[in-house]
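Here is a short briefing on one protein chain. Keep the 3D view open as you read.

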Amino acid sequence: MSQLPPPPQGVPRDARHRTANVLHSAALRLLRRAARADVGMDLDGPRASLLAVLVFGGPQTMSRLANQERVTPAAITKLVAALEESGLAKRSRDDTDRRLVHVEATEAGRLLLEQGRADRVRAVAALLKGLSQDDLDTLRRAADIIASRL
């Protein structure tokens with residue numbers, strides 16, 4: 001088992017911060033490992049992230065997408081265009097304000113994202129193989145606690 005790094009300089013050494021440090025490092029490594037399953041989606045990180053926002057958040061305006069993804073309007077336009085070219089998203093004008101452009105995932109986009117999510121879940125499940133029921137219950141409880149705080 002590889003060792004996780006100690007808390008960075010300037011971070012208190014109390015139990016809460018030590019736990020936060022371990023969770024942070026483990027979560028990053030877990031996400032990197034799970035992301036290896038994304039090769040089947042054939043999407044880079046920014047396009048996969050945008051597609052997830054559209055699938056789970058529903059239709060969004062271009063400006064809201066740029067804000068959520070923390071990119072410029074020009075960058076979001078390129079990302080949306082790439083998803084459109086792949087048939088994974090579509091744009092439409094607002095019925096009441098023609099200046100607004102809404103973007104939504106297509107059914108193909110939803111299916112691709114759900115398949116990618118299933119692949120990630122299987123990758124994480126593979127890491128859990130061989131754990132006792134008690135350990136699985138502990139991890140589930142920890143995940144529930146974290147989720148309730150987000």
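Two strands pair if DSSP finds at least two bridges between them. The model shown is predicted. Its strands form an open sheet, and a nonpolar core has residues from several helices and a strand.

**The sheet**
- The sheet has 3 strands in the order β1-β3-β2, with antiparallel pairing.
- β1 (60-61) and β2 (89-93) stand at the edges. Each has a single partner strand, so one side of each is left without a neighbour in the sheet.
- β2 and β3 pair in the antiparallel sense over 5 bridges.
- R91 has V103, in β3, as its bridge partner.
- Helix α4 packs on the sheet and touches β2 and β3. The direction of α4 makes about 115° with that of β2.

**The core**
- The largest nonpolar core has 21 residues. Those with the most contacts inside it are L50, L51, L54, L65, I76 and L83.
- At least two residues of this core come from each of α2 (45-57), α3 (62-69), α4 (73-85) and β3 (101-105).
- α2 gives the most, with 6 residues.
- In soluble globular proteins, nonpolar side chains tend to be buried together.
- Beyond its neighbours within four places in sequence, L51 is in contact with L43, L83, L88, A105, G109, L112 and L113.

**A look at T61**
- T61 lies in strand β1.
- Is T61 buried or exposed? Its relative accessible area is 18%. Buried means under 20%, so T61 counts as buried.
- The T61 side chain reaches the backbone nitrogen of R64 at 3.2 Å.
- Leaving aside neighbours within four places in sequence, T61 is in contact with V101 and H102.

Conventions. Residues are numbered from 1 along each chain as its sequence is written. This is a predicted model: local features need pLDDT of at least 70, side-chain atom pairs count only at pLDDT 80 or more; totals for chains, interfaces and linings use all residues. Side-chain values use heavy atoms; hydrogens and water are left out. A nonpolar core is a set of buried Ala, Val, Leu, Ile, Met, Phe, Trp, Tyr and Cys residues joined through side-chain atoms within 4.5 Å. Buried means under 20% relative accessible area, exposed over 50%, partly exposed in between (1.4 Å probe, protein chains only). Helices (H or I, at least four residues) and strands (E, at least two) are DSSP runs, numbered from the N terminus. Contact means heavy atoms within 4.5 Å. Axes are lines fitted to C-alpha atoms, for helices over the stretch in contact, and angles run from 0 to 180 degrees between N-to-C directions. A polar contact is a pair of N or O atoms within 3.5 Å; within protein, one must be able to donate a hydrogen and the other to accept it, and residues adjacent in sequence count only if both atoms are side-chain atoms.
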